[in-house]
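Let us take a walk through this model together, one region at a time. Keep the sequence and the structure side by side as you read.

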Amino acid sequence: MNEWSSAHRIVVGRTENSFPHHKRKNVHVSQGPPKQRKGDVMQIPGVINTPRVMGESAPSSSRQDTHVRYPVHDLNPDCISKNPNLTIIFFHGITYGIDDDWKQTWTTRSMDGKEECICWPEMWITQDLNDTVKILSLSYNSNVVASVHEDVTEIGQNLIQSLVTDSRYETFWDGPVALVAYSFGGLVLKSLVVEMHKHVYQKQKTNLDAKTQNCCEKFLKNLKGVVFYGVPHAGGTQDLSKYFEWQCQQIAKDKTPSSLLKNMKSFDRKMEQLSIDFEKSICEDINIYAFAEGSPIDDTWGILVPMASAIRLSNNNYYIVEDANHLTICKPPSKDHISYSKLLECLKNFMKGKKKPTMPPLPSYEVALEDKANAINSLLQKESIVALVGMGGIGKTTLSRKVYHLFHNQYEKSSFLEDVKSKHINDVKKKLLRDLCDTKLQKGEDVDDYLDEIKQCMISKKVLVVVDDVGKNLAALQLPIHKHATNVDCKSKVLVNSRNWQELKNHVKESAKVDMTLLEEEQARELFMFHAFKHANCVTNDFQNISMEIIKACGGLPLSLEVLGCYLCDIHELKIWKDALQELKDGRNIPGSSNNEMLWKTLQISYDHLIQIEKDMFLDIACFFIGFKKSTFCRVYGDYSSSPMLRLQNLKDKSLIKWAEDGSLYMHEQLRDMGRNIATEITMSRFIWKPNIFLQKNQVVEDLEGISFKECENLPSFFRNRSKEFHNLKLLDLTKASPNTVENFIQGQDLNNLRW
């Protein structure tokens, strides 16, 4: 697999040098505070020399000063350049009130236990990236037994003073910057970025002088990447409260927990807003990576920060460290361990300013996918163009993405064209031109003038093009690939997928056609059980039996198994499972119904059990917001829901929606079509213009909540001369509509309730 693919579910094998940290013998990695007797002073072994402090002295317990100066530790004093190639800043986790407690986060010992404890960022990164990088580590008040404690917002504000006001390193922000955080430190990192953004771009009242504001602006502009280790991002969930509760367990009974622990419930409620504000505060091209723990701390607490929480902001750029728990995920035992080697790769790319190529996302769990992808690749070595054919929801797009992930790096150039049937053909050509020829059209230029450039690239170079859901558009792309071409004739390859073989047979040989098959019973069971029981330690016989009935009723269709499994996950009432099974059987036994209708009945079971606000969100995404950033959607819904990001996450957890690496919303085409069918023909609450499409019977124009006139040339007659009637209209899409359409619709209308 390409190391820069979006899959990033890299599982470390249980080899001699790779087994769970919490089971290692002779490992000395400061796994939280050690067991102690009542009244003992807390001691964590592995004391090492303290690096030179670049900032002011440690914060006092006095709260008289407006801002507290936190120490900034220089881990690479040999780098004397005022303009390093990369400045790396480390943020530590919860501390326990001992000397150099900030450093315990980044202290480790090799797996054989022979070496002394080391601060690995200080030792290893300096060795691997030499003296051209500046490595800083912050120290702030995150002490669980401190008598006073700043909240995370105050820490962020105070760190601005500590980082940017010292003239010794203000020039660092002229070059690329990378941030690395563990656990609670990730919250501090987000707060720092949010507070900087407020001062610089939101023009909030501030005591910062112009010079400091300028440094903040440079810092945000040159921030190239962020890496999170076991950071609890999810708001409104129990994992952060669970985390703090566990921290309280570590404190001796005669110690008084800090306000950090006392206020954990109110703090947990602020989590979601912090994540939303952080995403708004960073540039869209910043690379965010996450390391998620794969092992439990113990049998009582299990995995402390669940994967869904840890990878929330990473947009599929994550690594699951199977042999690490929450205490050891930031303590790599060796340089070749995934938790260090992948970090080093990230830092090298941040230093070069190299942006990770956008990759199509892969599912959270794969069944027999790699074997199928290898078989497709073998066929591509014999044929110039290969086609995947099968019904909706059977996995054509998923398999196409897997092939692209695994093999695109074997080609000089590559392009993945997603959901071509639903896009304008010129937009598809423009993406192909950008991907293969690195050419971006100027305003007014015609993409057809560059078709020869695309053809020449595919003829002269080794190129891979994947065309997803191509429909009737394959001929319009004019790709220079002939179905009878040999490997000698053309080194470039094309992989297409479609529901309809008739649309492809003039371009693809029969021998290059791959008929997609349903999952075998054991594969179907594996996929469903993962999604339905991923949080369960064991499954009772009652649930095992009804699971097999549901799996059988789904007929081996992957999309049905995933959506139903996600819907039933964490539901412990057997009656609800039985009701879902009955609905599934009822839906699939409609006489004369098409495959689409039967599939929609299956998928609608999950939709029907959403609360109303989530139903509205799902329908609006299906009708209007596919391709838009989730941050845009949250802003639209911000005044109508107290937690839009939490609602979106719930839809994602149920596999009803997804988002790409850049945060763009999308969903499976079958879910999209089902949603549009519900919105336009069942609830009749939305209207999407297409040529020769009219209002449904009994559909009332005045009741419409959303209308799309995208690319509409002439306003339909039933929308003309309806003054002051759209009092319910909240969403209106006039993208690429003609001026005549816009003028005729808007004139005289009451549009005061529009959100977007």
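A good place to begin is Ile688, which stands opposite Ser708 in S18. Bear in mind as you look that this is a predicted model. The pairing around these residues is parallel: three bridges connect S17 with strand S18, residues 706–708. Step back and you will see an open sheet of three strands, ordered S17-S18-S19 and paired in parallel. Its edges are S17 (686–688) and S19 (731–733), each of which pairs on one side only. From one strand to the next, the twist averages 0°.

Now look for what packs on this sheet. Helix H21, residues 612–625, touches S17, S18 and S19. The direction of H21 makes about 15° with that of S17.

Another helix to visit is H24, which covers residues 669–682. How far apart are its end C-alpha atoms, and does that distance agree or disagree with the expected span? They are 19 Å apart, and this agrees with the 20 Å that its 14 residues should span at 1.5 Å a residue. Several residues of H24 are buried, among them Leu671, Met674, Ile678 and Ala679. Polar and charged names appear among its buried residues too, including Glu669, Gln670 and Arg672. After H24 comes Met684, and its phi is positive, near 50°.

Let us move to another set of strands, with S7 (residues 223–229) as our guide. Six of the seven residues of S7 are buried, which leaves this strand mostly covered. S7 has parallel partners that we can take in turn. Strand S6, residues 177–182, is joined to S7 by six bridges, while five bridges link S7 to strand S8, residues 287–293. Val227 is a handy residue for seeing both pairings: it is the bridge partner of Val180, and it also stands opposite Tyr289 in S8. As you follow these strands, remember that side chains in a regular strand alternate between the two faces of the sheet.

Our last stop is Thr108, in the short run of residues 107–108 that forms strand S3. Is Thr108 buried or exposed? It is buried, because its relative accessible area is 1%, where the cut-off for burial is under 20%. What does its side chain reach? One contact is with the backbone oxygen of Lys331, at 3.5 Å. The backbone oxygen of Pro332 also lies 3.2 Å from a polar atom of the Thr108 side chain.

Notes
Residues are numbered from 1 along each chain as its sequence is written. This is a predicted model: local features need pLDDT of at least 70, side-chain atom pairs count only at pLDDT 80 or more; totals for chains, interfaces and linings use all residues. Side-chain values use heavy atoms; hydrogens and water are left out. Helices (H or I, at least four residues) and strands (E, at least two) are DSSP runs, numbered from the N terminus. Buried means under 20% relative accessible area, exposed over 50%, partly exposed in between (1.4 Å probe, protein chains only). A polar contact is a pair of N or O atoms within 3.5 Å; within protein, one must be able to donate a hydrogen and the other to accept it, and residues adjacent in sequence count only if both atoms are side-chain atoms. Two strands pair if DSSP finds at least two bridges between them. Axes are lines fitted to C-alpha atoms, for helices over the stretch in contact, and angles run from 0 to 180 degrees between N-to-C directions. Contact means heavy atoms within 4.5 Å. The expected span of a helix is 1.5 Å times one less than its number of residues.
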